[in-house]
Structure formats: structure tokens, C-alpha cells
Amino acid sequence: MSSNALDQFLNENLEDLRSKGLYNEIDVVESANGPVIKIGGKELINLSSNNYLGLATDELLKEVAINAINEWGVGAGAVRTINGTLDIHTQLEKTLAKFKGTEAAIAYQSGFNCNMAAISAVMDKNDAILSDELNHASIIDGCRLSKAKIIRVNHSDMDDLRKKAKEAKESGLYNKIMVITDGVFSMDGDIANLPGIIEIAEEFDLITYVDDAHGSGVTGKGAGTVKHFGLADKVDFQIGTLSKAIGVVGGYVAGKKNLIDWLKVRSRPFLFSTAVTPADAVAATKAIEILMSSTELNDRLWENGNYLKNGLKQLGFNIGESETPITPCIIGEEKTTQLFSKRLYEEGVYAKSIVFPTVPQGTGRVRNMPTAAHTKEMLDQAISIYEKVGKEMGLI
Ligand SMILES: *Cc1c(COP(=O)(O)O)cnc(C)c1O
């Protein structure tokens, strides 16, 4: 017997979404998530993953993960504070601190969890958070969880940030004020104005928090957006994920030792949820070592990104103002965007449409995520499919 109220809620809301065409049917990928994937028995050039460096299917990482299972088993066995901190978890954290150039780092089960963990460990109802309006959902949720006053700031608008920081400071209402931003904004591929943000933070004594999930492995020759701007010692919280460029799963916060010590005793996802598996910890550590030892994959990522951007631009598509390999192809109207993505799929390119409310109305786009693992032939094939579909639909 299930609750009538629940049944009614689910039926009404699912029906509402389906009738508006907003219910997302999830595609099942029948192969590893590489540069070419199989869906419904059909091979597609994959321009939708966050696997920037192709590390998700890297042979060496697979090997170290398998060895880790043989040595350490398939699970950590307990939360970190009981007895689930394996030597390989601390190795991962040491490697992360070295990677980010900070005194220390703490690893979590995901990037999403980092934002659940870190914000509310230091911010409370007597504090305020200045948050860019385009920040990731996990930042928004992490801010809400803290119960701090959330002050939305216009996207990358330094005048607005300064004005709101000044108001918050001069109001005398808050014990602490934090400014929080994505390092790279994933819908448009633009990079946060960290020098501008740091200048304002110094002026008003703001705590600085940068979630560089889309930047690490990508910007700053792979080191991330904070290092790209040479600001490693100016950012209090550096957040990253191990699931995008790093190719595995997990997340981390890097910063000063006393911050990390605090998170180890006060952040709830660390205290009450088991750590990533041995295979994950070892593979992520190795992936970061690969990243630190050579820029080869990063160079190829940018080369491929620029190649795809030029190809689409030359065809006459609007590819926006991305500063990273993320390549939006802006179509505009929502229905046309969805049809365009569907036609690309039918012709052999997997690039997802992103429409309102994820992006502003009338700026529907197909977002392309080229990776280091794509070959020129794959990209050429994708570009020629874009040309075919674009002409067929009268878009170019
Ligand atoms: C993807 C993303 C996350 C979530 O990372 P996961 O490790 O997949 O949970 C968090 N923050 C930002 C800015 C992201 O882009």
C-alpha cells in the first residue's frame, strides 16, 4: 500500500513534465565512455562527456585500479574516521595538495559532496555568501545548507560584486562573508575573473571559494584556473572533482592545513559517509601524477578544442565566447535546438542540447566537449555532420 498523497504528487508532476516535453529520457551507453560510444547499437562520436583528457578509459589507470583491488579489496570498509582511512586515501590527499600547491587537501566521495561539506562547515546563519548567479547546482545547495544569507551576484560582474560586498560589509549584519564562484562556467566555457574577485575579496576581507570542477586538468596547463592566474596562495578553498578531467570519481578541497584539519572534524559527508573505493583512490592518484608529469594530454585537449571551434566557426555557426575547450554551438530557439541535436544523433554525433531553464530563453545550444582522446578524423567527421545538418535545417 503506497501513500495516496505520494501517488498523486508523482502522477501530476510527471504528467506535467511529460506534457511539456521536459521529461528527460536518459540514454543508456552500451560501451565505455570514450571518444566513440555506442547507444542503441549505434556508434556515435561522443561530444558530451566531461572526460577531458580521455583518462576514464586510460590503460595505465585501468591497470593500477585492478592492482589496487587485488591489494586493497573493493571497498574502504568504514567511514574515514572509524577505520576507513586507508593509506591510499592519504596518498591521494598528499598528491592533491602537491597538485594544487596548498599545505593540505581532503578527499570526498564527489565534487557535489565537497560543496555539501565545506560551505556549511565554516558558514552559518550569521554569515553571508556572495554567489555568482551561474554557479553550479551543488554550490547553490551547499550555500542553502549552511543557512547563511545568500546574495546573488550578476554573472562575472565585478561592479555588482564590489557593490554587494560593500553593502554586506557595511551593514554590520554578518560575522563572515564568503565569495564563491565556479572556476570555469560549463554552459558557456568562460573563465571566472579571479584576479578581479581576489582584489574585491582583499578589500572587504572576504573568504574566497573557487570550485574548479571544469578547470582542473584543463586550464593553467592542467593545473587549474587558480594557478592559471597565479593565485594559489590567495584562494582559501580550492574545490575540484576527480570525475571530469581526472576521469575517475571523487572530489577534494585543497587549502591551508588548519582549514583541512577543521573539515576533517566538522564536515558531515566526511564524517558520515564512506570514502571512495581503493580502485578509485589509486586511479585518481595516478591520473594526477600523469597530469603533473606532462602537459601532453592537456596540449592535445586544447588543440582538439581549437580545431573543433575553428571548424564550426568556419561553417558559420555561432560558437559563443568560450575561453576553454567547451564549445557551445548556439542555435537559439528551444525546439530547433532539440531537433538539431536529434538530427546530429541520427547522423552519428552525440552532442546534447541545453535549453531554457538551464540557459537563458532563446539561447538554446548544442554543447560540444572535445577531449584529448578524439582523433582529427573523428573531429572532421563530426564537423562534416554539423555541416550536413546545419544546411538541411537552414541554420548555416
Ligand atoms: C560537475 C561539477 C560538480 C560535481 O562534481 P561530481 O564530482 O561529479 O559530483 C561540482 N561543481 C561543479 C562546478 C561542477 O561542474
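Modeller: A residue counts as near a molecule or strand if one of its heavy atoms lies within 4 Å of it. This is a predicted model, in which local features need pLDDT of at least 70 and side-chain atom pairs count only at pLDDT 80 or more, while totals for chains, interfaces and linings use all residues. Residues are numbered from 1 along each chain as its sequence is written, and side-chain values use heavy atoms, with hydrogens and water left out.

Biologist: Which residues come nearest to the ligand?

Modeller: There are 14 residues around the ligand. Those that come nearest are G111, F112, D211, T241 and K244.

Biologist: How far does a polar side-chain atom of K244 lie from an oxygen atom of the ligand?

Modeller: A polar contact is a pair of N or O atoms within 3.5 Å; within protein, one must be able to donate a hydrogen and the other to accept it, and residues adjacent in sequence count only if both atoms are side-chain atoms. H136 has a side-chain N or O atom 3.5 Å from a ligand nitrogen, and a polar side-chain atom of H214 is 3.4 Å from a ligand oxygen. For K244, the distance to a ligand oxygen is 2.6 Å.

Biologist: Which helix gives the most residues to the largest nonpolar core?

Modeller: A nonpolar core is a set of buried Ala, Val, Leu, Ile, Met, Phe, Trp, Tyr and Cys residues joined through side-chain atoms within 4.5 Å; buried means under 20% relative accessible area, exposed over 50%, and partly exposed in between (1.4 Å probe, protein chains only). The largest such core has 34 residues, with L96 and I288 among those making the most contacts inside it. Helices (H or I, at least four residues) and strands (E, at least two) are DSSP runs numbered from the N terminus. With six residues, the top contributor is α12.

Biologist: Why does this core lie between two domains, and which are they?

Modeller: Domain bounds come from an automatic or database domain assignment. The core lies between the two because both give residues to it: domain 1 (16–46 + 295–392) and domain 2 (59–293).

Biologist: Is N298 buried or exposed?

Modeller: N298 is found in helix α13, and a polar atom of its side chain is 2.9 Å from the backbone oxygen of V218. Its relative accessible area is 4%, so N298 is buried.

Biologist: How many disulfides does the structure hold?

Modeller: A disulfide is a pair of cysteine sulfur atoms within 2.5 Å. For C114, the nearest cysteine sulfur, that of C143, is 14 Å away. The number of disulfides in the structure is zero.
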